[in-house]
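Work through the exercises below with the sequence and the model at hand. Try each task before you read its solution.

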Amino acid sequence: MKRLLGALALSTALTAVPLLAEARPVTITTQMSAYGGGGAFVAFYLTDPQGKYAGTLWMAGQQSKYYKDLRGWRAASGGDLAQLDGITGASVGAGKTLKITVDVKDALLDAGYVLHVDAGAEDMRPSPNEITMPLSKAGSGKPVKGRSYIDTMTVSF
Amino acid sequence: MLRSVHRWPGLILAVLILVSALSGAALSVFPALERLSSPQAGAEQSLADLLGRVGAAHPGLEQLRRAPSGQISAWWSDESGTPGRAVVDPATGTDVAPAATSPAELWLTDLHRALFLGRNGRLVMAFSAAGMLVLTLTGAAMVARRMGGWRHWFGRSRGPWPGRVHVDLARFAVGGLMLSSLTGLWMTASAFSLLPDDSAEPDPVLAQGLPPLPPERIALFATTPARDLVKLTFPDPQDPTDVYTLTTTGGTALIDPGSGAVLASVAPTAWERASAIVTMLHTGRGAAVLGLILGLMVLSVPVLVLTGTVQWLRTRRSGVRIPGNTAAGTAETILLVASEGGTTWGFARTLFDGLTKAGQSVHAAELSQFDPARYGRAKRFILLAATYGEGEAPTVARGVLARIAALPAPPTAPVAILGFGDRSFTTFCGYAAQLAEATRTLGWAELIAPCQINRQSPQEFARWSRDLGAALGIALDLTHLPEVPPAVTLSLISRRDHGAEVGAPAAILRFALPPIGLWARLSGQGFARFQAGDLLGVVPAGSDLPRFYSLASGRRDGFVEICVRRQEGGLCSGQLNDLQPGDRIAAFVRPNPAFHPEPGRKPLILIGAGAGIAPLAGFVRANRRGRPVHLWFGARSKDSDFLYGDDLHRWQDRGQLATLETAFSRSARPEHVQDRMSRDRAALSALLAEGAQVMVCGGRDMAAGVRGVLNDILAERGEDLTRLKAEGRYAEDIF
């Protein structure tokens, strides 16, 4: 199990919600399923209440060439690589667990923001929006089922 | 230079290259297995037909992929939204296997690509691929140099086994190794986005939102053969504006599910196509047979690493490495050596030490490295040249004559040439003479006149060194005693005496195998590995110079046997002939690979006279596989000096010896072995026509007679001995 720390500014989100600059650590624990392929690329990103892209939390997988398979993330974010500085890590193998901790502004919780997870792996069908879940305190600590690459994902505030 | 560029990456990257090669060879099997186990789409089948069949079996189809092996996988979601996937049979649309790469293949792929170390591991493996490429290129150049030029690339390799195995395997595998390392590097560059080979994608478009057509009715699907499919992604059923994304070998198209119209399309770029071909060549996916061939070639790598390392260790020990050697560019004296067995290097070292002690800066190197451009400060060249066989260049120096002849102008520094040889051969110092001729033709100035050393004579070498010293204006008087490998004590087990009645006493001496140390056993040194035809060096009491006798036995026989005729006034032959069982001598083994039978099933013609029977008898004794071996043997008298007579008859009964023809010079019908061969020319001619190998051992006159008869027989067939020799089918051991 690895613990990764992402220092996330989420600047776009900040301008949308100017109040309350308090931030808190959010831990996302992702248990991959036995999907039968090589290391998976996984993108964690947020959209705002209007469905517009609000920022990327983490990108597992470092070869930008393969980001095109993460279609949901690319469509939302525009695929700009500069925004990934400091928030990328290794791809995640089948059956492995990825644990990341990022700072998220309090103002984004229970405010209609949605966490999206895209996943894909070499020679496999990519899975955009493998998981979508509202960023709400009520969901804290409750495992959410994934579609094909992810077994369960738990977000804890 | 070439050699060190080959050696150091080889030794340093050996482990990485081994991992890469072994995992790559193992991976090469998977595409072939996948190809064999996957039902293939027929040439007639259209994509629409395929979609109809798979769609019927799996409503809620989301994606269809066709691997280069022809394997078709389907992804779908059932009514409850549960995803599923499987490998499907294109003929029926039904599942044939779960769609998942085997854990073994994933594990091997990750090891092969990145040593399980992610990005950094990939860089390490790319580094090892680059090393492999350097090794392949320098290795190819070294083979060309060793064989005497690119034209002789496929010539017969000679020399001790590690080098021979290394060269033979490398020639077999060079294409595969170069292809694998180059394509591997390309794929790494591609993965790191260093190549502009990103797949071209059409600009996003929206469908009109009409009710979707059944996929079979979409025109492009009907006209696209199922075999051209790469990937088809279905539109999201929740989103009426979403489109089909079809990727085939010809490009990617976005299709309106309601109208079936192609809304946008794009063809792959040249880079993308190139990357696809490179990937196919490297992985064998889509070219399974090629993949297997490459895998097989790559399997040679462990043996190459091993034989390469053994060669390096041997060179280190045999001392071709000169401590205190001056760099080529700064030395004033350039000492170039062409040695066959290593003895000439012994003289070279003595000369090197003598000159260095006299204050000269000397660069010593193999003659094969001769390159006038490298010697910026050279004031003189000294060439020491041994001769291989009948006046040929030693193996390591082939091609040098041509390089000298091709020089546009002679080097300004003068040259001295010293040849090493044996006056008992027809062409004494033949190669040194050719070198001298080539330098004269070129107009290369002489430092001192060319000179020859007979049988490693210390006196002649000392005289030459004084002449050299006089030309250089220094006092030089060098004594060189040939270096002798550490001798071990051998104890005589038995002796068989012959020939006393005809005034030519000779003895077959059998010694016990000495105890062999662990290191010698592992490295195959000395008595740990020898075979008939190798030489036993014996240092007689009262002399420092060893005498050499052909071995009549190999390691597997469990004893050391030689055959010695007592020479008039001979120091060593006298001492050996006086030995009684239990007596001891000091001896060592010198490999003589030039006089080993080539492996194979072709007939072997052995011709010998007198004590020359020894190695030939050893070959027959070692012939345990019933190869057709034919012996022509000459002696004085059948009753007195028919050496190995009883053994030969016994071997003949056992099928180890096919025919035995004898000639006795003191008999009712006096004749020599070459006369006997003349009588048997029909049989000899038939054997030669079968591709027989000929091995001759005996005295000079007998060998000359044999050559004459063989040349006559060969001439009738439009061949000659030179050609036989070039094919590796004729070998002599003359004393």
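The exercises that follow go from one chain as a whole to helices, salt bridges and surface.

This is a predicted model, in which local features need pLDDT of at least 70, side-chain atom pairs count only at pLDDT 80 or more, and totals for chains, interfaces and linings use all residues. Residues are numbered from 1 along each chain as its sequence is written, chains are lettered from A and ligands numbered from 1 in the order in which they are written, and side-chain values use heavy atoms, with hydrogens and water left out.

**Exercise 1. Chain A as a whole**

Task: state how many helices and strands chain A has, and in what order they run.

Solution.
- Step 1. Count the elements. Helices (H or I, at least four residues) and strands (E, at least two) are DSSP runs, numbered from the N terminus. Chain A has 2 helices and 10 strands.
- Step 2. Read the order. From the N terminus it is β-α-β-β-β-α-β-β-β-β-β-β.
- Step 3. Check burial. Buried means under 20% relative accessible area, exposed over 50%, and partly exposed in between (1.4 Å probe, protein chains only). Of the 157 residues in chain A, 47% are buried.
- Step 4. Look at contacts, meaning heavy atoms within 4.5 Å. Take those in chain A between residues at least 6 apart in sequence: 67% join residues at least 24 apart.
- Step 5. Add the surface. Accessible areas come from the Shrake-Rupley method with a 1.4 Å probe; for residues, only the protein chains shown count as cover. Chain A exposes about 6,800 Å², and carbon and sulfur atoms hold 53% of that.

**Exercise 2. Two helices of chain B**

Task: compare the end-to-end span of helix α14 of chain B with the expected span.

Solution.
- Step 1. Set the rule. The expected span is 1.5 Å times one less than the number of residues.
- Step 2. Apply it. Helix α14 (residues 430-442) of chain B has 13 residues and should span 18 Å; its end C-alpha atoms are 19 Å apart, which agrees.
- Step 3. List its buried residues. Among them are Y431(B), L435(B), T439(B) and L442(B).
- Step 4. Recall the helix geometry. An α-helix has 3.6 residues a turn, so residues three or four places apart point the same way.
- Step 5. Find the packing partners. The buried residues of α14(B) pack against β9 (333-338), β11 (380-385), α13 (400-405) and β12 (415-421) of chain B.
- Step 6. Step past the end. Just after α14(B), G443(B) has a positive phi of about 85°.
- Step 7. Repeat for helix α2 (residues 14-27) of chain B. Its 14 residues reach 20 Å, close to the 20 Å expected. Its buried residues include L16(B), I17(B), S20(B) and L27(B).

**Exercise 3. Salt bridges**

Task: say which parts three of the salt bridges join.

Solution.
- Step 1. Define the pair. A salt bridge is a side-chain nitrogen of Lys or Arg within 4 Å of a carboxyl oxygen of Asp or Glu. The structure holds 30 over all chains.
- Step 2. Take R24(A) and D106(A). Their closest N and O atoms are 2.7 Å apart. R24(A) is in strand β2 (residues 23-32) and D106(A) in the loop between β6 (97-105) and β7 (114-120) of chain A, so the pair ties together parts 82 residues apart in sequence. R24(A) is partly exposed at 27%, and D106(A) is partly exposed at 23%.
- Step 3. Cross the chains. D198(B) and K65(A) form a salt bridge at 3.6 Å, N to O. D198(B) lies in the loop between α7 (161-191) and α8 (219-223) of chain B and K65(A) in the loop between β4 (53-60) and α2 (71-77) of chain A, so the pair joins two chains. D198(B) is partly exposed at 45%, whereas K65(A) is buried at 11%.
- Step 4. Return to chain B. E332(B) and K379(B) meet at 3.3 Å, N to O. E332(B) is in the loop between α11 and β9 and K379(B) in the loop between β10 (362-366) and β11 of chain B, so parts 47 residues apart in sequence are tied together.

**Exercise 4. A surface patch**

Task: which residues make the nonpolar surface patch of about 380 Å²?

Solution.
- Step 1. Name them. They are L22(B), F172(B), L296(B) and L299(B).
- Step 2. Know the rule. Patches are made of residues with over 30% relative accessible area and no salt bridge: like charges are joined within 9 Å, nonpolar side chains (Val, Leu, Ile, Met, Phe, Trp, Tyr) within 5 Å.
- Step 3. Place L299(B). It sits in the loop between α10 (288-298) and α11 (300-318) of chain B. At 42% relative accessibility, L299(B) is partly exposed.
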